[in-house]
Amino acid sequence: MMLNRRSVLAGAAAVGLWPGIGRAEAAPLLQRPIPSSGETVPVIGVGTSRRYNVEATPEAVAPLREAVRRFLDLGGRVIDTAPDYGRAEEVLGVILPEDDLRRKVFLCTKVAAQGREAGQAQIEQSFRRLRTDRIDLIAVHNLIDTDTQLATLKALKEAGRIRYLGATTWVERQYDDLEALMRRERLDVVQLNYAIDARKAAERILPLARDRGTAVMVNVPFGRERLFTLVRGRALPPFAAEFDCTSWAQFFLKYVLSHEAVTCPVPGMAQARYVEDNLGAARGRLPDAAQRTKMEEYIDGL
Ligand SMILES: NC(=O)c1ccc[n+]([C@@H]2O[C@H](COP(=O)([O-])OP(=O)(O)OC[C@H]3O[C@@H](n4cnc5c(N)ncnc54)[C@H](OP(=O)(O)O)[C@@H]3O)[C@@H](O)[C@H]2O)c1
């Protein structure tokens with residue numbers, strides 16, 4: 001029988017042989033479908049803005065490689081990047097061809113350009129930087145020149161160079177435009193900001209995504225450092241154990257994940273220890289409606 005690294009890891013962990021990995025960490029990750037295809041993805045992905053923007057030197061890439069490998073070893077798949085994230089695409093282009101890791105990844109990038117030629121050139125640059133001939137998802141970044149770029153993405157999807165198309169925002173002032181776009185186009189995926197202390201997306205966009213069969217990736221699920229700053233020095237409330245949270249990061253991610261329209265938050269994770277912690281949110285119980293309200297009240301009360 002052939003054993004891949006992940007099954008060896010899981011097997012070793014199950015009998016307590018793998019240092020640093022317990023039984024819980026070896027448990028499979030919760031998966032959710034992309035409604036337009038039915039393909040499932042694990043519900044926590046890696047975001048690469050800011051921290052993956054490093055010179056592609058061995059020293060700078062090493063911790064990022066460790067984070068990505070840990071993520072894939074533990075069953076993660078979705079990685080989110082963008083040409084606007086400085087050198088992040090190039091760094092992934094170093095890490096992913098190694099040991100054929102690219103094969104395990106659901107790779108997402110974006111296009112942020114004015115005009116058809118500029119958009120096409122940027123997309124070709126993404127293929128080169130990521131060193132791949134297929135990108136799973138390209139989304140129009142922050143609704144920049146949306147209709148022009150969507151036309152290009154449709155052609156790429158038709159040609160089989162990308163598998164999914166979508167659009168992103170991370171600011172509430174673009175929600176009306178995003179909503180109009182979701183109503184007039186069949187988007188496979190939208191990506192937007194949603195967090196326990198920033199819940200506006202749940203008013204209209206998330207229900208619309210559910211009704212339209214659009215997958216939802218969630219960016220800035222921690223509000224960068226905002227939520228961690230809010231709870232600094234505080235222990236988790238005892239009720240967090242009712243839905244299997246052992247850290248604040250898991251508390252914040254399980255809140256996002258327990259919205260039925262959400263497919264996959266993509267927290268920024270540039271360290272293996274964050275990967276291990278955050279993937280814990282994709283295991284065990286999720287809060288129910290009453291527990292979600294309790295979580296909101298707790299955070300609103302701080
Ligand atoms: N318009 C768009 O399309 C758009 C906009 C924004 C973001 N995004 C995407 O969404 C992703 C996520 O957003 P983000 O990275 O800006 O913000 P975020 O996910 O809310 O926060 C990420 C930060 O949280 C900290 N963190 C992560 N896991 C942790 C853990 N387990 N314990 C303690 N701290 C932890 C890290 O801070 P330190 O590194 O400082 O330790 C990390 O940089 C981005 O990487 C990007 O892929 C897309």
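**Sheet, helices and ligand shell**

Colleague: How many bridges join strand 5 (residues 106-111) to strand 6 (residues 135-140)?

Modeller: Quick background: this is a predicted model, where local features need pLDDT of at least 70, side-chain atom pairs count only at pLDDT 80 or more, and totals for chains, interfaces and linings use all residues. Residues are numbered from 1 along each chain as its sequence is written. Helices (H or I, at least four residues) and strands (E, at least two) are DSSP runs, numbered from the N terminus. Strands 5 and 6 run parallel, and the number of bridges joining them is 4.

Colleague: Which residue of strand 6 stands opposite Val111?

Modeller: Val111 belongs on the strand 5 side, since that strand covers residues 106-111. Across from Val111, in strand 6, stands Val140.

Colleague: What is the strand order of the open sheet?

Modeller: Two strands pair here if DSSP finds at least two bridges between them. The sheet has 8 strands with parallel pairing. Strand 3 (46-47) and strand 10 (264-265) each have a single partner strand, so one side of each lacks a neighbour in the sheet. The order reads 3-4-5-6-7-8-9-10.

Colleague: At about what angle to strand 5 does helix 4 (residues 116-130) run?

Modeller: Axes are lines fitted to C-alpha atoms, for helices over the stretch in contact, and angles run from 0 to 180 degrees between N-to-C directions. Helix 4 lies across both strand 5 and strand 6. Its angle to strand 5 is about 150 degrees.

Colleague: Which residues of helix 4 make the contact with helix 3?

Modeller: The axes of helix 3 (residues 88-95) and helix 4 come within 7 Å, crossing at roughly 35 degrees. Residues are in contact if their C-beta atoms, placed from the backbone, lie within 7 Å. Helix 3 brings Glu89, Glu90, Leu92 and Gly93. From helix 4 come Ser126, Arg129 and Leu130.

Colleague: How do the residues of that contact between helix 3 and helix 4 divide into nonpolar, polar and charged?

Modeller: Ala, Val, Leu, Ile, Met, Phe, Trp, Tyr, Cys and Pro count as nonpolar, Asp, Glu, Lys and Arg as charged, and the others, Gly among them, as polar. On that basis the split is 2 nonpolar, 2 polar and 3 charged.

Colleague: Which helix gives the largest share of the shell around the ligand?

Modeller: The shell has 27 residues, and the closest are Gly47, Thr168, Asn219, Ala249 and Gly268; a residue is near if its C-beta atom, placed from the backbone, lies within 6 Å. By type there are 11 nonpolar, 12 polar and 4 charged. The largest share, 3 residues, comes from helix 10 (residues 272-279).

Colleague: Is Asp99 buried or exposed?

Modeller: Asp99 is in the loop between helix 3 and strand 5, and its phi is positive, near 50 degrees, though the residue isn't glycine. A residue is buried if 20 or more other C-beta atoms lie within 10 Å of its own, exposed if 12 or fewer, and partly exposed in between, with C-beta atoms placed from the backbone. Asp99 has 12 such atoms around it, so it counts as exposed.

Colleague: Where is Leu143?

Modeller: Leu143 also isn't glycine, yet its phi is positive, near 55 degrees. With 18 other C-beta atoms within 10 Å, Leu143 is partly exposed. Its place is the loop between strand 6 and helix 5 (146-158).

Terms used
Contact = placed C-beta atoms within 7 Å.
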